Amino acid sequence: TVFEEMLATSSSASKADHYDKLAEDLWSAIDKDESERAESIIESVDNDAMLDFGKRAVRFICAKDRQLLSEAIERKEAWRLVQMIHFGSMHQQAIAKRYVNNIKLPR
């Protein structure tokens, strides 16, 4: 019925919002070096939903990394780029190196 379809769609959207919030919480825990909290967040996800949550978490974390890089570039914080290249997560290292490698220096 139409009602059942609406209920299923609403439930899916609600789950998606929940996993998006968990992904944000996971990033925050990782960023603050709160490994026990990060593990707790991961453990709270139902096994059947882990793939969906994982995809959402990766997308959220990558978006945050790109935002951090963009902010560093806007503020002309070269030190932050160096920090990301040498001490950032694997993704931060990759995007910061790619940015630095594409800089065209005046000749």
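# Report on a five-helix chain

At 1.5 Å a residue, the 25 residues of helix α3 should span 36 Å, and the end C-alpha atoms of α3 are 36 Å apart, which agrees. The expected span is 1.5 Å times one less than the number of residues in the helix. Helices here are DSSP runs of H or I with at least four residues, strands are runs of E with at least two, and both are numbered from the N terminus.

The model is predicted: local features need pLDDT of at least 70 and side-chain atom pairs count only at pLDDT 80 or more, while totals for chains, interfaces and linings use all residues. Residues are numbered from 1 along each chain as its sequence is written, and side-chain values use heavy atoms, with hydrogens and water left out.

## Overall organisation

The chain contains 5 helices and 0 strands, in the order α-α-α-α-α along the sequence. Of its 107 residues, 25% count as buried. Buried means under 20% relative accessible area, exposed means over 50%, and partly exposed lies in between, with a 1.4 Å probe and protein chains only. A contact means heavy atoms within 4.5 Å. Among contacts between residues at least 6 apart in sequence, 48% join residues at least 24 apart.

Helix α3 covers residues 50-74. Its buried residues are Phe 53, Arg 56, Ala 57, Cys 62, Asp 65, Leu 69 and Ala 72.

## Salt bridges

The structure holds 5 salt bridges. A salt bridge is a side-chain nitrogen of Lys or Arg within 4 Å of a carboxyl oxygen of Asp or Glu. The table gives three of the pairs with their N to O distances.

| Residue pair | N to O distance |
|---|---|
| Lys 21 and Asp 25 | 2.7 Å |
| Arg 37 and Glu 34 | 2.5 Å |
| Glu 77 and Arg 80 | 3.0 Å |

Lys 21 and Asp 25 both lie in helix α1 (residues 2-31), 4 residues apart, which is about one turn of the helix. An α-helix has 3.6 residues a turn, so residues three or four places apart point the same way. Lys 21 counts as partly exposed because its relative accessibility is 45%.

Within the second pair, Arg 37 is partly exposed at 31% relative accessibility, and Glu 34 is partly exposed at 30%. In the third pair, Glu 77 has a relative accessible area of 16% and is therefore buried, whereas Arg 80, at 25%, is partly exposed. In addition, Asp 20, Asp 52 and Arg 56 are linked in a network of salt bridges. Arg 56 is also one of the buried residues of α3.

## The largest pocket

Rolling a probe the size of a water molecule over the atoms shows where empty space is left. On a 1 Å grid over the protein atoms alone, a pocket is an open set of points where a 1.4 Å probe fits, with protein on both sides within 12 Å along at least five of seven lines; lining residues have an atom within 4 Å of a point. The largest pocket has a volume of about 180 Å³, this volume being the space filled by probe spheres set on the grid points, which are joined across faces, edges and corners.

Which residues line the largest pocket? They are Trp 27, Ile 30, Asp 31, Ile 61, Asp 65, Leu 68, Ser 89, His 91 and Gln 92. Helices α1, α3 and α5 (90-101) each supply at least two residues of this lining. By class, the lining has 4 nonpolar, 3 polar and 2 charged residues. Ala, Val, Leu, Ile, Met, Phe, Trp, Tyr, Cys and Pro count as nonpolar, Asp, Glu, Lys and Arg as charged, and the others, Gly among them, as polar.

Gln 92, one of the lining residues, is found in helix α5 and counts as buried because its relative accessibility is 16%. Leaving aside residues up to four places away in sequence, Gln 92 touches Asp 65, Leu 68 and Met 84. The C-alpha atoms of Gln 92 and Leu 81, 11 residues apart along the chain, are separated by 9.1 Å.

## Residues with positive phi

Most residues other than glycine have a negative phi. Asp 33 has a positive phi of about 60° although it is not a glycine. Asp 33 belongs to the loop between α1 and α2 (35-43), and its relative accessible area of 69% means that it is exposed. Lys 76, also not a glycine, has a positive phi near 60°. Lys 76 lies in the loop between α3 and α4 (78-87) and counts as exposed at 74% relative accessibility.
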